[in-house]
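Trainee: I have just opened this one and would like to walk through it with you. Could we start with a single residue and work outwards?

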Amino acid sequence: PDTVRVGGNASYTTLATDATITLNEQDIGGTVTLSTTGSNAHVQIVNARTLTLNASTIGGNLNVTALTGDLADGGLITVGGNASYTTSGNDATITLDTQDITGTVALNTTGTNGNASLANATGIDLAASNVGGNLAATATTGNITDVGTITVGGRASYTTSASNATILVNQQAVTGGVSVNTSGALGHATIVNTAGVLLGASNVGGNLSVTAGGAITQNGALDVDGTTTLSASGHAITLTNTGNDFTGSVSATGAAVQITDTNALNAAITASGAATLIAGGNLGVSGSAAGLTTTTTAGGTTAFGTTSVTGNLSTTSAGAVSQGAAQALTVTGTSNVSASGQTITLTNTGNNFTGDVTATGSTIQITDTNALNAAITASGAATLIAGGNLGVSGSAVGLTTTTTAGGTTAFGTTS
């Protein structure tokens with residue numbers, strides 16, 4: 001067929017139910033209006049250059065391609081079925097700010113500047129898409145999901161505006177950062193990416209779950225009101241932005257794990273490498289790591305749950321250091337616990353400190369199921385209990401030592 005050239009605007013309408021519009025050879029300089037009725041009243045249009053859709057209502061599916069220019073909407077686009085938008089030109093963009101699509105949406109651009117943005121009046125179900133640049137998707141009143149692989153060469157940003165609306169994007173292949181924004185206690189967000197995940201600035205009203213095939217990092221602060229679950233098995237997790245605020249508990253599985261919270265932090269870690277936890281308030285920690293460093297500020301306490309450290313433990317606490325009654329602390333390397341002016345109470349009978357223990361605080365109480373070698377600096381009384389040999393040195397205002405199982409007691413320089 002011959003190309004239809006229109007210097008101005010074009011309008012195409014079918015009046016019969018389920019009648020279709022197929023326009024594969026268009027060269028329209030102005031806007032395009034499309035109208036069909038019926039769930040099978042599909043529309044396909046291919047324009048030789050930039051394509052701007054005027055207010056349109058399509059009963060069925062909509063398939064739009066701009067061959068050499070950008071694609072945009074200039075009015076409300078209502079689609080009863082699925083929608084597919086494609087720009088073929090390198091770095092051509094898709095800007096769709098006034099959509100009302102019932103079915104799925106596919107977006108396709110090429111080039112690192114081939115950005116795509118979509119705002120839908122209801123929820124968004126993203127079909128398989130390939131965006132060369134950045135992708136921004138906003139659902140005004142519903143949830144955001146993906147029903148196919150979403151490949152993004154740049155950054156991806158997903159936002160739900162309605163309270164308690166969720167984001168579930170578990171088929172992502174995003175090269176750049178990913179940001180998620182929800183509101184409401186049930187406004188959960190889930191990200192699954194085939195490669196690493198670089199988290200951009202995000203605010204999640206509910207729970208956040210991130211699963212990555214590579215490292216999990218960030219370039220913006222994270223504010224999560226619910227729980228946070230991070231999974232990057234064999235890869236680093238590095239969330240050290242000082243503006244992070246994890247209100248709920250954090251569960252992290254990876255190699256080296258580093259997490260910072262501007263306020264209190266409750267973290268359960270499974271780290272095949274070293275772990276570093278920093279809290280601007282109280283810190284709760286449990287799990288396992290090949291070396292563990294913890295720091296609290298602003299008077300924050302440190303409370304250990306069941307924790308296994310293969311390597312050294314270093315704890316600097318602005319508040320008291322303690323542990324759960326039935327939650328043992330196991331350290332194969334050295335343990336350095338500093339809580340100047342604060343109590344240190346590590347009295348679980350299952351504790352096992354294989355290496356030397358150095359403790360600085362007020363009242364200090366340490367129990368080891370086996371041998372214990374402790375150097376203490378206590379401004380209050382100290383109590384040391386070992387299920388084997390005990391070595392003790394340092395200073396205290398009153399000192400009580402106990403050994404069992406035939407354990408000897410050896411004093412170093414002690415005051």
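Mentor: Let us begin with Thr-276, which, leaving aside its neighbours within four places in sequence, is in contact (heavy atoms within 4.5 Å) with Val-257, Gln-258, Ile-259 and Thr-293. Before going further, note that this is a predicted model, in which local features need pLDDT of at least 70, side-chain atom pairs count only at pLDDT 80 or more, and totals for chains, interfaces and linings use all residues. Residues are numbered from 1 along each chain as its sequence is written, and side-chain values use heavy atoms, with hydrogens and water left out.

Trainee: Which strand is Thr-276 in?

Mentor: Thr-276 belongs to strand 35, residues 275–279, where strands (E, at least two residues) and helices (H or I, at least four) are DSSP runs numbered from the N terminus.

Trainee: And is Thr-276 buried, partly exposed or exposed?

Mentor: Thr-276 counts as partly exposed because its relative accessibility is 27%; buried means under 20% relative accessible area and exposed over 50%, with partly exposed in between, using a 1.4 Å probe and protein chains only.

Trainee: How far apart are Thr-276 and Thr-316?

Mentor: They are 40 residues apart in sequence, and their C-alpha atoms are 11 Å apart in space.

Trainee: Let me zoom out. How many helices and strands does the protein chain have?

Mentor: The protein chain has zero helices and 51 strands. Its C-alpha trace spans about 100 × 35 × 30 Å along the principal axes.

Trainee: What is the radius of gyration, and what would a compact globule have?

Mentor: The protein chain has 30 Å, whereas a compact globule of 415 residues would have a radius of gyration near 22 Å; the radius is taken over C-alpha atoms, and the globule rule is 2.2 Å times the number of residues to the power 0.38.

Trainee: What share of the contacts is between residues far apart in sequence?

Mentor: Among contacts in the protein chain with a separation of 6 or more, residues 24 or more positions apart account for 5%. As for burial, 46% of the 415 residues count as buried.

Trainee: Now the core: which residues touch the most other members of the largest one?

Mentor: The largest nonpolar core, meaning a set of buried Ala, Val, Leu, Ile, Met, Phe, Trp, Tyr and Cys residues joined through side-chain atoms within 4.5 Å, has 99 residues, and Leu-34, Leu-62, Tyr-85, Leu-107 and Tyr-158 touch the most other members. Not counting residues up to four places away in sequence, Leu-107 touches ten residues, including Tyr-85, Ile-94, Leu-96, Ala-116 and Leu-118.

Trainee: Strand 46 caught my eye; why is it described as largely enclosed?

Mentor: Strand 46 covers residues 364–368, and four of those five residues are buried, so the strand is largely enclosed by the rest of the structure.

Trainee: Which strands does strand 46 pair with?

Mentor: Two strands pair if DSSP finds at least two bridges between them. Strand 46 pairs with strand 43 (residues 344–346) in the parallel sense over three bridges, and Thr-345 has Gln-365 in strand 46 as its bridge partner. Five bridges also join strand 46 to strand 48 (residues 382–386), and these two run parallel; here Ile-366 is partnered by Leu-384, and Thr-367 stands opposite Ile-385.

Trainee: Where do the side chains of strand 48 point?

Mentor: They alternate, with Ala-382, Leu-384 and Ala-386 pointing to one face and buried, while Thr-383 and Ile-385 point to the other and are not buried. Strand 48 also pairs with strand 50 (residues 399–403) in the parallel sense over five bridges, and Ala-386 stands opposite Thr-403 there.

Trainee: Changing topic, what about the backbone of Asp-18?

Mentor: Asp-18 is not a glycine, yet it has a positive phi of about 70°. Asp-18 lies in the loop between strand 2 (10–17) and strand 3 (21–28), and its relative accessibility of 31% is why it counts as partly exposed.

Trainee: And Ala-298, where does that lie?

Mentor: Ala-298 lies in the loop between strand 37 (292–296) and strand 38 (302–309). Ala-298 has a positive phi of about 55° although it is not a glycine, and it counts as exposed because its relative accessibility is 71%.
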